[in-house]
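Hi everyone, thanks for coming. Let me walk you through a structure that is new to most of us, one stop at a time.

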Amino acid sequence: MPAPLRLAFLGCGFITRVHSRHLRSLRPDVTCAYASSDRARAAAYRARYAGFASFGDYRAAIADPRVDAVVIAVPPRFHLSLASEALAAGKHVLVEKPAFPRMADYEAAVAARDAAGRVVIVGENDHYKPLAVRLRALLAEGAIGDMVFAQFTTIAHRLKTADDWRNDEAMAGGDAFFEEGIHWLHMAGSLGPAITSVQGYRPAASHDGADRRAKSMMIAFRYDNDAVGALFYSREIPSLFRGLRVSKLYGREGVITFESNGLALLARGRGLPRLIFPGFTDIRGYKAMYRDFARAIAGGGPPAMSLERAMDDQRLMDQVYATL
């Protein structure tokens with residue numbers, strides 16, 4: 001049997017809890033260690049998630065020969081330095097999204113990856129979630145004919161607290177859309193047709209309260225098949241059940257309506273209408289993402305969410321902010 005993939009999380013915050021919960025079902029093929037500047041916090045995560053080690057600083061985790069790969073789960077400001085250090089130490093790297101604030105950082109990471117001969121995957125779990133996989137398949141089979149419009153909606157009232165690092169754009173790399181909306185920009189651009197141009201529109205920002213970021217954005221875009229689309233993003237507008245929202249893909253032969261989180265979709269077009277539940281066991285795609293990471297490390301070719309694929313998203317993000 002192949003040896004388990006031994007991961008060390010650099011950072012013990014909210015997103016590490018999310019990853020760790022999903023990784024439980026991948027044992028014993030994947031085992032985890034935890035590193036934090038707070039040694040007690042790292043030890044608590046090790047105990048909670050049955051980890052194989054804990055570390056009181058990131059360098060100790062990177063240097064440990066038991067560790068095959070690191071998961072960089074700290075604010076984006078620190079991603080490049082930690083990724084470079086890990087690659088120089090011969091570790092594979094999963095870097096949370098947004099991976100880096102600037103295109104130059106991606107280019108530096110590519111150079112470090114190639115010099116080390118290791119795998120780097122960007123933690124864009126939305127690429128792997130069952131909803132995205134099913135939408136790609138439906139468009140590829142021509143379920144709605146030629147696509148005309150795409151409309152994506154991700155609206156919820158989810159404000160950050162005053163002490164959240166995301167309130168500091170130097171730490172987060174940008175505002176709320178940059179820090180989280182990039183997942184949805186990737187979703188819009190990953191379904192088959194490629195986005196060729198994009199325009200950003202940001203309403204007047206409210207800085208009242210503890211969450212001081214700009215928290216809403218609308219973008220309009222054109223695909224390489226001449227379809228056009230729009231993405232509505234906000235973290236300051238109430239939504240049904242605190243996050244339920246509906247998106248649609250319109251074609252000349254039908255419409256795909258889907259709950260944006262991935263609960264269900266309705267495809268009306270060629271053939272009989274289909275109500276599809278893409279999948280609940282890995283609804284956010286984390287397990288599939290880690291399986292792809294392990295496959296790439298084992299020599300199965302580059303991961304689907306490679307640095308190069310994430311750079312495509314960063315180019316679009318740069319266009320969004322250049323057009324505001």
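Let me begin with a word I will use often: a residue is buried when its relative accessible area is under 20%, exposed when that area is over 50%, and partly exposed in between, using a 1.4 Å probe and protein chains only. What you see is a predicted model, where local features need pLDDT of at least 70, side-chain atom pairs count only at pLDDT 80 or more, and totals for chains, interfaces and linings use all residues. Residues are numbered from 1 along each chain as its sequence is written, and side-chain values use heavy atoms, with hydrogens and water left out.

Our first stop is Glu259, found in strand β12, residues 254-259. Helices (H or I, at least four residues) and strands (E, at least two) are DSSP runs, numbered from the N terminus. A salt bridge, for us, is a side-chain nitrogen of Lys or Arg within 4 Å of a carboxyl oxygen of Asp or Glu. As for charge, Lys and Arg count as positive, Asp and Glu as negative, and His and the chain ends are not counted.

So which side chain of opposite charge is nearest to Glu259? That is Arg245, 5.1 Å away, and Glu259 is buried without a salt bridge. Its side chain does make a polar contact with the side chain of Asn261, at 2.6 Å. By polar contact I mean a pair of N or O atoms within 3.5 Å; within protein, one must be able to donate a hydrogen and the other to accept it, and residues adjacent in sequence count only if both atoms are side-chain atoms. The Glu259 side chain also reaches the backbone nitrogen of Leu263, at 3.4 Å.

Now for the salt bridges themselves. How many does a search of the whole structure find? The count is 20. One of them joins the side chains of Asp313 and Lys97, at 2.7 Å from N to O. This pair links distant parts of the chain, with Asp313 in helix α10 (residues 307-322) and Lys97 in the loop between β5 and α5, 216 residues apart. Asp313 and Lys97 are both buried. Asp313 also forms a salt bridge with Arg309, where the closest N and O atoms are 3.0 Å apart. Arg309 and Asp313 are separated by about one helical turn, because they are four residues apart in α10. Put together, Lys97, Glu124, Arg309 and Asp313 are linked in a network of salt bridges.

Stay with Lys97 for a moment. A cis peptide bond joins Lys97 to Pro98, with omega about 0°. There is another cis bond from Arg27 to Pro28, with omega near 0°, and Pro28 is found in the loop between α1 and β2 (30-35).

Next, helix α8. Its 14 residues, 176-189, should span 20 Å at 1.5 Å a residue, and the end C-alpha atoms are 19 Å apart, which agrees. That expected span is 1.5 Å times one less than the number of residues. Where does α8 bend? The bend is at Ile182, by about 50°, taken as the angle between axes fitted to the seven residues ending there and the seven starting there. α8 is mostly covered, with 13 of its 14 residues buried.

Last stop: Ala50, in the loop between α2 (39-48) and β3 (53-55). Ala50 has a positive phi of about 55° although it is not a glycine, and it counts as exposed because its relative accessibility is 56%.
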